[in-house]
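Me: I'd like to learn how to read a metal site and a sheet in a model. Can you walk me through one?

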Amino acid sequence: MTASSGPESPANTPGPSSAAPPIRVGLGYDLHRLEPLAPEGPGRPLILGGIRLDHDRGPVAHSDGDALLHAITDAILGACALPDIGEFFPDDADANENRDSADFLIAAIGAAREAGYVPSNLDATVVLERPKLKPHKGAIRENLGRLLGLPLDRVNVKGKTHERVDAVGEGRAVEVHAAVLMVRL
Ligand code: MG
């Protein structure tokens with residue numbers, strides 16, 4: 001079956017304007033397994049939004065494993081219908097080993113700008129059983145605002161636990177959901 005077969009959808013009929021829309025929304029999601037830090041395990045230091053959090057576990061990852069930056073990167077790419085983070089930055093490429101995930105976000109912002117869009121606001125949810133995100137939220141938001149070129153009142157990060165159930169709730173993973181609104185240049 002090809003994409004062109006099947007019933008005709010009214011969504012495919014020409015609308016009043018085919019111009020680039022003024023706004024586009026993107027959703028990003030990421031999850032990393034959390035393991036004991038070296039030398040006990042394969043976990044890397046826990047970094048979220050470019051900020052290091054003290055913890056005895058950290059993400060298993062090819063890059064620095066910053067799940068928050070990965071989710072935001074994918075939201076920006078997704079809003080512009082660009083290839084996802086794994087296509088842009090394969091996790092088996094030597095160049096991406098130990099890579100600072102800010103590089104991924106900066107590259108995504110550059111690709112989005114080339115497509116004609118810049119970030120307008122971010123809302124993200126970090127699901128992490130421990131450590132508590134609250135003491136780090138201010139630093140994380142400031143760093144995200146700097147990277148995104150946005151004032152703090154357009155950068156939001158919420159922290160939640162997973163109520164001690166499932167892998168996230170048992171402290172074995174961190175999960176992030178992000179929504180980014182992009183506006184036309
Ligand atoms: Mg990731």
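Reply: Sure, we'll take the metal site, then the sheet, then the helices; keep in mind that this is a predicted model.

Me: Which protein atoms are the donors of the magnesium ion?

Reply: Start with the general yardstick: ideal angles are 109.5 degrees for four tetrahedral donors, and 90 or 180 degrees for six octahedral ones. Here the protein supplies Asp30 (OD), His32 (NE2) and His70 (ND1), at 2.1 to 2.2 Å from the ion. Water is not among the atoms, so the site may look incomplete.

Me: How are the donor residues spaced in sequence?

Reply: The pattern reads D-x1-H-x37-H. Asp30 sits in strand E1 (residues 23–36) and His70 in helix H1 (residues 67–79), so the pair, 40 residues apart, links distant parts of the chain.

Me: Are Asp30 and His70 buried or exposed?

Reply: Asp30 is buried, and His70 is too.

Me: Now the sheet. What is the strand order?

Reply: In general, strands of a sheet pair through backbone hydrogen bonds, either parallel or antiparallel. This one is an open sheet of 5 strands, ordered E4-E1-E7-E5-E6, and its pairing is mixed. At the edges are E4 (57–59) and E6 (155–160), each pairing on one side only. From one strand to the next, the twist averages 25°.

Me: Over how many bridges do E5 and E7 pair?

Reply: Strand E5 (residues 117–127) and strand E7 (residues 173–184) run antiparallel over 10 bridges. For instance, Val127 has Glu175 in E7 as its bridge partner.

Me: Which strands does H1 lie across?

Reply: H1 crosses E1, E5, E6 and E7, at about 155° to E1. Helix H4 (residues 137–148) also packs on the sheet, touching E5 and E6, with its direction at about 145° to that of E6.

Technical notes
Residues numbered from 1 in each chain as written. Predicted model: local features only at pLDDT ≥ 70, side-chain atom pairs only at ≥ 80, totals over all residues. Heavy atoms only, no water. Donors = N, O, S within 2.8 Å, 3.2 Å for Na, K, Ca; no water. Helix = DSSP H or I, 4+ residues; strand = E, 2+ residues; numbered from the N terminus. Buried < 20%, exposed > 50% of the residue type's maximum accessible area, 1.4 Å probe, protein only. Pairing = 2+ DSSP bridges. Axes fitted to C-alpha atoms, helices over the stretch in contact; angles between N-to-C directions. Contact = heavy atoms within 4.5 Å.
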